[in-house]
Amino acid sequence: MKRQIQLSVLIVFLFNMLHAQDPIFSQFYAAPIQINPAFAGNTLAPRISLNYRSQWPSFNNAYVTYAASYEQLFERANSGLGLMVQSDNAGDGVLRTTGFSATYAYRLTFQRDFFIKFGAEFGGTQVSLDWNKLLFTDQIDPINGPTGPGGIPNPTDENPPESLTKSYLDISAGMLIYNSKFYAGFSAKHLNTPDETILGVNEQLNSGLPVRWTLHGGTQITLVRGTRKSWPVFVSPNAAFIKQGDFGQIDAGAYFGFGKFFAGGWYRHAFSNPDAAIVLVGFQSGIFKIGYSLDVTVSELATYGTGGAHEVSLTLNFENSESFQKRRRASRFNDCFQLFR
């Protein structure tokens, strides 16, 4: 019960005073347009990505995030389109955030193997608060706790806001440069700093959802080249710097692909303290690619038994289908995005 009270108070306070931070997937490669809209259309055939993340599961499923995206390349138009739906469930349903967005990316070619892509994202988001799941201090009886006879919650003198939902427009942009050996990108989420507050305790404190700045990049070292019948063997070191409001983090590590199997390891460091070590394992066959990762908490939160974070991703890349491989022609694409495929 103590954990439930602390979590409810923390979520409401952060949401209305400091503003919630964006959920970030540890398996960034399986949710590329979530980190940068310029990634849209980076595969020769359509790609579908499904993502699930459960953070701090020991705290009654404190934060659970779902995402689904679809990407389509239009090579003759040098363009890529993407659609994404994302839902974030905080506090076991106390606070829900659901968003839908459309992404467009345009590619410019310099020389034969150097490309620059510009991406834009437009979407709508709805935030909802389940007032009945909140627990206030005046509901807690020193002897009997928060419930009375029959398990009925004690009444509270707190009054709910006029509306328990808030909808807003969200605009983002990004850029990506790459060739056959490296990639680097920059993105800015929530450029319009939308108002996401529900309670509106003090309008002067509401400066909008902070812009999320992301700088990321990586390289690819190919050890064994793949063919139409075999997967390549490679290692892809990569890193990302993310800043949103007062929050910031640095992720650094590497992804290893060897045949149909892949694995990876990263370290995440917040600005003021170490955060987590990330371990990844996965398997791919045909159009299917599935991965599981575990965030092992290394900060002081580890003493509270948070349970870290678990992620599962499923990618359907139709570029790897037999029918596409049979009619595949030489492409103008020469890049280092094997970890995304």
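**Exercise 1. Strand partners around β12**

Which residue in β12 does A252 stand opposite? Determine also how β12 is joined to the strands β11 and β13 in this predicted model.

*Solution.*
Step 1. Locate A252 and look across to β12: the residue opposite is Y267.
Step 2. Consider the pairing of β11 with β12. These two strands run antiparallel and are joined by 10 bridges.
Step 3. Inspect the turn of this hairpin. There are 2 residues between the strands, and G259 takes a positive phi near 65°.
Step 4. Turn to the pairing with β13. Strands β12 and β13 also run antiparallel, with 9 bridges between them, and G265 has V279 of β13 as its bridge partner.
Step 5. Identify the connection: β12 passes into β13 by a hairpin of 3 residues.

**Exercise 2. The two faces of β12**

Sort the residues of strand β12 (residues 261-270) by the face to which their side chains point, and state which face is buried.

*Solution.*
Step 1. Follow the strand from residue to residue; the side chains alternate between two faces.
Step 2. Collect one set: F262, G264, W266, R268 and A270 point to one face, and these residues are buried.
Step 3. Collect the other set: F261, A263, G265, Y267 and H269 point to the opposite face and are not buried.

**Exercise 3. A nonpolar surface patch**

Describe the patch to which I290 belongs, and classify I290 as buried, partly exposed or exposed.

*Solution.*
Step 1. List the members. The nonpolar patch on the surface consists of Y52, Y66, F256, F258, F261, V281, F283, I290, Y292 and V312, with about 890 Å² of accessible area together.
Step 2. Assign the patch to elements: β11 (247-258), β13 (274-285) and β14 (288-297) each give two or more residues to it.
Step 3. Place I290, which is found in strand β14.
Step 4. Apply the cut-offs: partly exposed lies between 20% and 50% relative accessible area. I290 has 43% relative accessibility and therefore counts as partly exposed.

**Exercise 4. A residue in a loop**

Where does N320 lie, and is N320 buried or exposed?

*Solution.*
Step 1. Find the position: N320 is in the loop between β15 (309-317) and α3 (322-327).
Step 2. Compare its relative accessible area of 19% with the limit for buried residues, under 20%; N320 is therefore buried.
Step 3. Examine its side chain, which reaches the backbone oxygen of R341 at 3.4 Å.

**Exercise 5. The chain as a whole**

How many helices and strands does the chain contain, and what percentage of its residues count as buried?

*Solution.*
Step 1. Count the elements: the chain has 3 helices and 15 strands.
Step 2. Consider burial: 48% of the 341 residues count as buried.

Key
Residues are numbered from 1 along each chain as its sequence is written. This is a predicted model: local features need pLDDT of at least 70, side-chain atom pairs count only at pLDDT 80 or more; totals for chains, interfaces and linings use all residues. Side-chain values use heavy atoms; hydrogens and water are left out. Patches are made of residues with over 30% relative accessible area and no salt bridge: like charges are joined within 9 Å, nonpolar side chains (Val, Leu, Ile, Met, Phe, Trp, Tyr) within 5 Å. Accessible areas come from the Shrake-Rupley method with a 1.4 Å probe; for residues, only the protein chains shown count as cover. A salt bridge is a side-chain nitrogen of Lys or Arg within 4 Å of a carboxyl oxygen of Asp or Glu. Helices (H or I, at least four residues) and strands (E, at least two) are DSSP runs, numbered from the N terminus. Buried means under 20% relative accessible area, exposed over 50%, partly exposed in between (1.4 Å probe, protein chains only). A polar contact is a pair of N or O atoms within 3.5 Å; within protein, one must be able to donate a hydrogen and the other to accept it, and residues adjacent in sequence count only if both atoms are side-chain atoms. Two strands pair if DSSP finds at least two bridges between them.
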